[in-house]
Amino acid sequence: LKAERKSKKKTKVAANDVVAEQAAPSPISMAVEVPVFKLADVGGKKSVVKKLKRTKKTVIVDNNLFVTSQASPADSICIYNKGWCISPDTCNYDLCFADTSKTEIKDGERYLFAQDGIIKMNRIKHDCDGGLLIGNTIPREPNEIISPDELDSIKIIGWVYSINTTRAWID
């Protein structure tokens with residue numbers, strides 16, 4: 001009977017041990033640093049974005065974003081949208097995340113791309129004639145049609161998997 005009590009004491013787990021085990025970080029909750037790029041013009045016109053410029057900054061992103069979107073952390077970039085409009089559905093101070101390893105067009109997905117040297121972001125899908133339709137989220141404006149002959153004017157930079165919008169409360 002005494003031996004049985006001793007063996008039971010040895011198998012008990014202290015409450016602190018359980019808490020310590022639960023607090024250990026799992027690979028899913030780890031954070032990743034993503035390089036930040038800002039939009040810049042080359043010719044002095046503020047209405048046209050012609051360049052993505054790498055900054056010294058990085059953004060810390062929870063690994064769950066990559067797990068749920070299936071984006072590559074190593075190939076991801078963050079575009080800080082300050083003062084520019086590269087897409088009808090992004091605003092000032094938005095953070096847009098793109099995976100530069102995913103450049104194959106899947107219909108209806110949003111992409112960061114250069115068209116004739118101008119940086120844009122919008123939904124793209126294949127047209128029935130072999131060209132592309134660049135979608136417009138503004139209902140009164142038509143989609144832009146890129147004919148098969150004009151496909152060389154488009155360079156896909158990456159698939160946009162997240163847009164984080166921040167708004168300021170103004171009284």
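Strands S5 and S9 run antiparallel and are joined by 5 bridges. This is a predicted model, and these two strands are a good place to enter it. One bridge is easy to find: leucine 112 has glycine 158 in S9 as its bridge partner.

Stay with S5 for a moment. This strand covers residues 109–115. It is mostly covered, with 6 of its 7 residues buried. S5 also pairs with strand S6, residues 118–126. That pairing is antiparallel too, and it spans 7 bridges. Look for alanine 114, whose bridge partner in S6 is isoleucine 119. S5 and S6 form a hairpin with 2 residues between the strands. In this hairpin, aspartate 116 takes a positive phi near 50°.

Now move to S9, which spans residues 154–164. Tryptophan 159 is found in this strand. Is tryptophan 159 buried or exposed? Its relative accessibility is 14%. Buried means under 20%, so tryptophan 159 counts as buried.

What does tryptophan 159 touch, leaving out residues up to four places away in sequence? Its contacts include Glu109, Arg110 and Tyr111. Ser69, Ala71, Phe97, Ala98, Asp99 and Lys102 are also among them. With glutamate 109, the tryptophan 159 side chain makes a polar contact, side chain to side chain, at 2.8 Å. Lysine 102 shows how folding brings distant parts of a chain together: tryptophan 159 and lysine 102 are 57 residues apart in sequence, yet their C-alpha atoms are 5.6 Å apart in space.

Terms used
Residues numbered from 1 in each chain as written. Predicted model: local features only at pLDDT ≥ 70, side-chain atom pairs only at ≥ 80, totals over all residues. Heavy atoms only, no water. Helix = DSSP H or I, 4+ residues; strand = E, 2+ residues; numbered from the N terminus. Buried < 20%, exposed > 50% of the residue type's maximum accessible area, 1.4 Å probe, protein only. Contact = heavy atoms within 4.5 Å. Polar contact = N/O pair within 3.5 Å; in protein donor to acceptor, adjacent residues only side chain to side chain. Pairing = 2+ DSSP bridges.
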